[in-house]
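Me: Please take a close look at the aromatic side chains of this structure, and at what surrounds them. I would like one connected account rather than a list.

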Amino acid sequence: MPLNLGNDGDGSSRIILTEPRGSTAEVLLFGGQVISWKNERREELLYMSSKAQYKPPKAIRGGIPVCFPQFGNFGGLERHGFARNKFWSHDEDPSPLPPANKQSSVDLILKSTEDDLKTWPHSFELRIRISISPGKLTLIPRVRNIDSKAFSFMFALRNYLYVSDISEVRVEGLETLDYLDNLIGKERFTEQADAITFDGEVDRVYLNTPTKIAVIDHERKRTIELRKEGMPNAVVWNPWDKKAKTITDMGDEDYKTMLCVDSGVIEPLVLLKPREKWKGRQELSIVSSSYCSGQLDPRKVLYGDI
């Protein structure tokens, strides 16, 4: 499908993806960032901060920022790396990905610049394909080492999900797993709960996670399923009230209607030799769900019925 291009006030491009049933996604070339994903009923599925600043090079809070080559403060670079603060370009050669049949998609690329090399001295190409289809948003990132020496990196897709009430949300699929608690100096713990629920600040990096994680929103009677490949970590974050008030580009009450459940490769890092490539995949899908004994009832799940 042809791309629908628009320009923001600062001159940066905004790409609108649409599919026949009516769902849409908006992508900025700044940051290669998805800032909106709406279903066929025009309901927004991603959280954007009520105080989000669209003034490059300031990162935009909300949507799906791309974190590369570092996540959070797990290294010596700026928080979450520099990819989310750069202008990306259209990728003219997205192969060898298979055709995006019956999908609306865009391929973007970010290449290392002289400024990047001053802070992170490694030549790379970072590509991402963003596609929508009914009830589904797919992102496929790829990193290629075009340097003469090996390098290591982290990568994450920070998924700001829009929820009805954080106190009524459960995250399933991370039970019994080890995690690093960023609130306690990255100390390692084992998840004891049957599902993650929220009554205070949470900031955890889960290790060796499964390919599927479910975010169950009771009030909306729907579930967001996160399926991922090549990204063994999952990050769960909500700042709660006190932390939210310290974040200048976040509304004081925004924490009530947002939750980050991220796909990433953070611990351990990815090591790429010259000319080697890394590839990940993330798929967010909306599932109408019935709540049954704390688990999704597969007999009552209707895929694509949003």
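Reply: The charged end of Lys-186 sits over the ring of Phe-74, at 4.6 Å from the ring centre. This placement, like everything that follows, is read from a predicted model.

Turning from a charge over a ring to rings that pair with each other, a search of the whole structure finds 18 aromatic pairs. One of them joins Phe-155 and Trp-278, whose ring centres are 5.2 Å apart and whose planes meet at 50°, an arrangement that counts as tilted. The two partners come from distant parts of the chain, 123 residues apart, with Phe-155 in strand β10 (residues 151-157) and Trp-278 in strand β20 (residues 277-279). Phe-155 has a relative accessible area of 0% and is therefore buried, and Trp-278, at 9%, also counts as buried because the cut-off is under 20%. A further tilted pair is formed by Tyr-179 and Tyr-206, with 5.0 Å between the ring centres and 45° between the planes. Since Tyr-179 belongs to strand β13 (residues 178-181) and Tyr-206 to strand β15 (residues 202-206), this pair ties together parts that lie 27 residues apart in sequence. Tyr-179 and Tyr-206 are both buried.

Phe-155 and Trp-278 also belong to a cluster linked by ring pairs, which takes in Phe-68, Phe-82, Trp-120, Phe-124, Phe-151 and Phe-153 as well.

Aromatic residues also appear where space is left between the atoms. The structure holds one cavity of 30 Å³ or more, and the largest cavity contains about 40 Å³ of space. Tyr-162 is among the residues that line this cavity, together with Val-163, Val-215, Asp-217, Arg-220, Arg-222 and Ile-224. Strands β16 (212-217) and β17 (222-229) each supply at least two residues of that lining, which by class comprises four nonpolar, no polar and three charged residues.

The largest pocket, for its part, holds about 450 Å³ of space. Its lining is made up of 26 residues, and Trp-237 is one of those nearest the pocket centre, alongside Arg-61, Arg-79, His-80 and Arg-158. Sorted by class, the residues lining the largest pocket are nine nonpolar, seven polar and ten charged.

Conventions: Residues numbered from 1 in each chain as written. Predicted model: local features only at pLDDT ≥ 70, side-chain atom pairs only at ≥ 80, totals over all residues. Heavy atoms only, no water. 1 Å grid on protein atoms, 1.4 Å probe; cavity = no way out; pocket = protein on both sides within 12 Å on 5 of 7 lines; lining within 4 Å. Points joined across faces, edges and corners; volume = space filled by probe spheres on them. Nonpolar A, V, L, I, M, F, W, Y, C, P; charged D, E, K, R; others polar. Helix = DSSP H or I, 4+ residues; strand = E, 2+ residues; numbered from the N terminus. Phe/Tyr/Trp six-rings, centres within 6.5 Å; stacked < 30°, edge-to-face > 60°. Buried < 20%, exposed > 50% of the residue type's maximum accessible area, 1.4 Å probe, protein only. Lys NZ or Arg CZ within 6 Å of the ring centre and 35° of its normal.
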